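This report describes the strand arrangement of one sheet, the helix packed on it, and several backbone features. The sequence and the structure are shown first.

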Amino acid sequence: NTGGQSIPDEPKMTAHMGIINNGNGLPNSITDDFNDYDGFIGIELRGQSSQMYPKKSYGLETRDSLGENLNVSLLGMPAENDWILYAPYSDKSMMRNTITFNLAQNLKGYASRTAYCEVFLNNDYQGIYVLMEKIKRDNDRVDIERLDPDEISSPELTGGYIIKVDKIDDDFVYGQDGWLSSPMPSYPNAMDITFQYYYPKADVMTAEQKLYIKDYVTDAEAVLIGNDFNDPALGYYNYLDVTTFVDHIIMRELSKEVDSYRYSTFFYKENLKDGGKLAAGPIWDFNLGYGNVNYWGPGVNVTGWVFDDVYPVDWSIIYWWDRLMTDPYFKDLLKTRWTNLREGTFSNNALVALVDSLESSMGDAIDRNYDRW
């Protein structure tokens, strides 16, 4: 309930949110009492190209009466204050993100938890949404060491960090909000990569912290491109959490999401006492995956690879996985990992059961959603 006001792109406006959750198998009515949450939120529109859809996605914070962040559990998820109400619109199955995140929870690292819900905005029915956890450093999300502004020397300086490769906002400033990485020596067809600071936020990171994570990634890239890149003693294994890079390529190639390896691509780095390496993840944004496009060959073909589509264009994908796949050791890890997953949580039977379960959980809301949209 926004009191009739339109929700802005930014900043977040104050509103009230109530959640009715009577439990599995029990009906929920809009006239029932708010029994899962009943309080203040800050809310804003979310997304870039997706804002053109009539069904809007939102970012929200749960807040107390003074406007401060309020950590609470929503729909059974661990307590936090940063959440997303994702609006599946172009994805007519309404399952692409939820399927992918459910699968990824069987892999190493963190993937956002999700829950279907029906949303009313100022008493106007908005259809099915997916409540999602926002990517964030937290014990129950990206579980890396907290990095405070006064921690500017080793070992505290070594982690944790979250960085991302994504579309750039209009007010992005190189050096302040991230840095431009150039493949040196040059990697065939590879474009420069813009890395963005995500955690800690750019405006609270110290110069020492920004320099440290930039230098670490730069050193990792130099090794990755160098002649000894897969040397057991000198190679990329010393910089990258290899298992997470294997898992990342599995999720990206399984879905063939068109923005794979170029947008919504996150990395996190642990503190030295926790291993200290750079990991791929968490995964994010799969609404244009699984053939939900009518363009770009790798995104609509059920054969072939996405990782090797490295071309010198503005939206070129990161060349890292293309390089990793030239290492027989990495390829063997990938094959072994995939084979094991296909015998369990990624088997045909498991995938069909997951689809059926998600459809069942939406129930009659599917019809209500498409009556609205």
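Contact here means that heavy atoms lie within 4.5 Å. The model is predicted.

**Sheet architecture**

Six strands form an open sheet in the order β1-β2-β3-β4-β6-β5, and their pairing is antiparallel. The edges are taken by β1 (13-19) and β5 (114-121); each has a single partner strand, so one side of each is left without a neighbour in the sheet. From one strand to the next, the twist averages 40°.

The bridge counts and facing residues of three antiparallel pairs are as follows.

| Pair | Bridges | Opposite residues |
|---|---|---|
| β1 and β2 (residues 37-46) | seven bridges | H16 and F40 |
| β3 (residues 57-63) and β4 | four bridges | E61 and D82 |
| β4 and β6 | four bridges | I84 and M132 |

**Strand β4**

β4 is mostly covered, with five of its five residues buried. In a regular strand, side chains alternate between the two faces of the sheet. In β4 both faces are covered: D82, I84 and Y86 are buried on one side, and W83 and L85 are buried on the other. Two of these residues also mark the pairing of the strand, since D82 stands opposite E61 and I84 stands opposite M132 in β6.

**Helix α1 on the sheet**

Helix α1 (residues 96-104) packs on the sheet and touches β4 (82-86), β5 and β6 (124-133). The direction of α1 makes about 150° with that of β5. T98 has its place in this helix. With a relative accessible area of 2%, T98 falls under the 20% limit and therefore counts as buried. Leaving aside residues up to four places away in sequence, T98 touches T114, Y116, V130 and L358.

**Backbone features in loops**

The loop between β6 and β7 (161-165) holds P155 and G160. The peptide bond from S154 to P155 is cis, with omega near 5°. The bond from G159 to G160 is also cis, with omega near 0°.

Which residues in the loop between β11 and α4 have a positive phi? D285 has phi near 70°, a positive value in a residue other than glycine, and lies in the loop between β11 (278-280) and α4 (297-300). Y290, in the loop between β11 and α4, has phi near 55°, again positive in a residue other than glycine. D285 is partly exposed, with a relative accessible area of 21%, and Y290 counts as partly exposed at 28%.

Note on methods:
Residues are numbered from 1 along each chain as its sequence is written. This is a predicted model: local features need pLDDT of at least 70, side-chain atom pairs count only at pLDDT 80 or more; totals for chains, interfaces and linings use all residues. Side-chain values use heavy atoms; hydrogens and water are left out. Two strands pair if DSSP finds at least two bridges between them. Helices (H or I, at least four residues) and strands (E, at least two) are DSSP runs, numbered from the N terminus. Axes are lines fitted to C-alpha atoms, for helices over the stretch in contact, and angles run from 0 to 180 degrees between N-to-C directions. Buried means under 20% relative accessible area, exposed over 50%, partly exposed in between (1.4 Å probe, protein chains only).
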